[in-house]
Each structure stands twice: as C-alpha cells, then as structure tokens.
Amino acid sequence: MSITAVPIQPIKKGSLTKYWAAIALVLAAGSGLAYWGTNDVRQEFGDVVTTPSGLRYKIIKTGEGPKPSDNDVVLVSYKGMLKNGTVFDQNPQAGFPVTGVVPGFSEGLKIMQRGGKYRLWIPAELGYGLEDQRNPQTGQVAIPGGSELTFDVELLEFKSRAEIEAMQKQMQEMQKQQGAAAGGQGGGEPQGLPPEIQQQIDAQMQAQQGQGPAQ
C-alpha cells in the first residue's frame, strides 16, 4: 500500500524537470498518505521532539534553507514501517502536495528543510484514526485501525504550486509546437512526457476514478 494513490516509480536522471511539471497533472487526480508507528521512541532513539499536536520527530540530518508550506508540492524519499518493523511502503522519489496527505505527515513536512532527513512518529489521531485501511488491490487490511505510523523521510526538493503550474503550461506549449512541427512534416507524434511519468499520471487518474483520494 502506497502513501500515494498509486506507487510512483523512481525517476531517471534528467527527467526531474519534466517530472515536476508532470506532478501538476497528477495533482488533479488527488493523492493521500497513510502513516503507521511505534511506542517508547524516546527510550530507543532519544532527542525526540513532541509537537503540541502529538507528532513526534527526530532529526537524522539537518537540511538547509526555507521550509515547505501548505502551498507547496514536495519531492521526498520515504520508508514507512509498522510497529513490528515491517516495511509497508517505500519510495525513493515521490511527489505530492503538502496538503494532500494526512495531518501528521503534512505537519512533519513543514518542519523539514531541503536535504533534511527525519524520522516521524504519527499517532492514529493524526493519521487514519480507528478505521482499518485496506489494500485496494487485495482487499486485505494493510493498516489496522488505531495504528501509529513511523516514517523515515528525506526532503529532496519542493516547489510552489505556482511554479509547477508555470512549468506545466510551458510543457504544454512545447508539446503543441512539437505537434504542429510534426504535422507540417506530414506525420509524427509530439514527444510529450517521458513514458514512465505518463504511466504514473494515467495510473493516478484510473485510481481516482475507482476511488476517492485517501486523506
């Protein structure tokens, strides 16, 4: 089970510029996050900070620069674990809006800086609450109700929605120009987005049609 509606595969080097523009298209399909956790974190890890909401976090590596806001879209590397240490989800490059996730993960993102690595412990009330979360493919319970969520998160990059929308418009104009040029030459298709990104967008759209975003 992915923290997003559809697992996002790693992106090849050189594709990140187009990837950011593609994220703008994925946003329309919606995305959600699920989060699980652990107990006795202070004893095991030490230096754990608890926020007024109940979110707990530990800084593994300090980042630099500004922090994301509710108006931003982030690119992160993450690994999610159950209390028993089972890894339920991980992705080296996943993009989603700060506000498109459960409250605990959103709060954690807004604490981080670029390049920072954090461990987050998200209580059930900031995650999925008391309701079981089922794997949409198998129907099996992936996250028991009342579970806390543990995430190792690295903030790779973030951009504002306005920046991404501008990149999206630029790409659309480039695609139109490519299509016009190909048509003038008697055939051919515009190159568009890289295949791996287009597949992600298509998968997100199909998932959204099948069920609402988990938030």
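**Stop 1: strands 5 and 8**

Select strand 5 and strand 8 (residues 149-160) in this predicted model. The two strands run antiparallel, and six bridges join them. To see one place where they face each other, pick Trp-121: opposite it, in strand 8, stands Thr-150.

**Stop 2: the other partner of strand 5**

Keep strand 5 selected and add strand 2 (residues 56-61). Here too the pairing is antiparallel, this time over five bridges. Which residue of strand 5 stands opposite Ile-59? Look for Tyr-118.

Now show strand 5 (residues 117-122) by itself within the surface of the protein. Five of its six residues are buried, so the rest of the structure largely encloses this strand. While you have strands on screen, here is a general point to keep in mind: in a regular strand, side chains alternate between the two faces of the sheet.

**Stop 3: Arg-56**

Go back to strand 2 and select Arg-56, which lies in that strand. Is Arg-56 buried or exposed? Its relative accessible area is 16%, and a residue counts as buried under 20%, so Arg-56 is buried. Next, add Glu-148 to the selection: the side chains of Arg-56 and Glu-148 make a polar contact at 3.0 Å.

**Stop 4: the aromatic rings**

Time for some rings. How many aromatic pairs does a search of the whole structure find? There are four. Begin with Phe-96 and Phe-105, whose ring centres are 6.1 Å apart. Their planes meet at 65 degrees, and planes over 60 degrees apart count as edge-to-face, so this pair is edge-to-face. Both Phe-96 and Phe-105 are buried.

Leave Phe-105 selected and add Phe-151. These two rings have their centres 5.2 Å apart and their planes at 80 degrees, so they too form an edge-to-face pair. Follow the chain between them: Phe-105 belongs to helix 3 (residues 103-109) and Phe-151 to strand 8, so many positions along that the pair links distant parts of the chain, 46 residues apart. Phe-151 is buried, as is Phe-105.

To finish this stop, select Tyr-78 together with Phe-96, Phe-105 and Phe-151; the four form one aromatic cluster.

**Stop 5: Arg-114 and its two neighbours**

Move to Arg-114 and show Phe-158 with it. Arg-114 lies over the face of the Phe-158 ring, at 4.0 Å from the ring centre.

Now add Glu-157. Arg-114 forms a salt bridge with Glu-157, and the closest N and O atoms are 2.3 Å apart. Arg-114 sits in the loop between helix 3 and strand 5, while Glu-157 is in strand 8, so this salt bridge ties together parts that are 43 residues apart in sequence. Both ends are partly exposed: Arg-114 has a relative accessible area of 29%, and Glu-157 has one of 23%.

**Stop 6: more salt bridges**

A search of the whole structure finds six salt bridges. As a general idea, side chains of opposite charge can pair when their charged atoms come close.

For another example, select Lys-110 and Asp-70. Their side chains meet in a salt bridge, at 2.9 Å from N to O. This pair also links distant parts of the chain, 40 residues apart: Lys-110 is in the loop between helix 3 and strand 5, and Asp-70 is in the loop between strand 2 and strand 3 (72-81). Lys-110 is partly exposed, at 31% relative accessible area, and Asp-70 is partly exposed as well, at 38%.

Then jump to helix 4 (residues 161-184) and pick out Glu-173 and Lys-176, both in this helix. They are three residues apart, about one turn of the helix. Glu-173 and Lys-176 form a salt bridge, with 4.0 Å between the closest N and O atoms. Glu-173 counts as partly exposed at 42% relative accessibility, whereas Lys-176, at 56%, counts as exposed.

**Last stop: the whole protein**

Finally, clear your selection and zoom out. The protein has five helices and eight strands. Starting at the N terminus, the elements run α-α-β-β-β-β-α-β-β-β-β-α-α. Of the 215 residues in the protein, 44% are buried. Among the contacts with a separation of 6 or more, 76% are between residues 24 or more positions apart.

Notes: Residues are numbered from 1 along each chain as its sequence is written. This is a predicted model: local features need pLDDT of at least 70, side-chain atom pairs count only at pLDDT 80 or more; totals for chains, interfaces and linings use all residues. Side-chain values use heavy atoms; hydrogens and water are left out. Buried means under 20% relative accessible area, exposed over 50%, partly exposed in between (1.4 Å probe, protein chains only). Helices (H or I, at least four residues) and strands (E, at least two) are DSSP runs, numbered from the N terminus. Two strands pair if DSSP finds at least two bridges between them. Rings of Phe, Tyr and Trp (its six-membered ring) pair if their centres lie within 6.5 Å; planes under 30 degrees apart count as stacked, over 60 as edge-to-face and the rest as tilted. A charge sits over a ring if NZ of Lys or CZ of Arg is within 6 Å of the ring centre and within 35 degrees of the ring normal. A polar contact is a pair of N or O atoms within 3.5 Å; within protein, one must be able to donate a hydrogen and the other to accept it, and residues adjacent in sequence count only if both atoms are side-chain atoms. Contact means heavy atoms within 4.5 Å.
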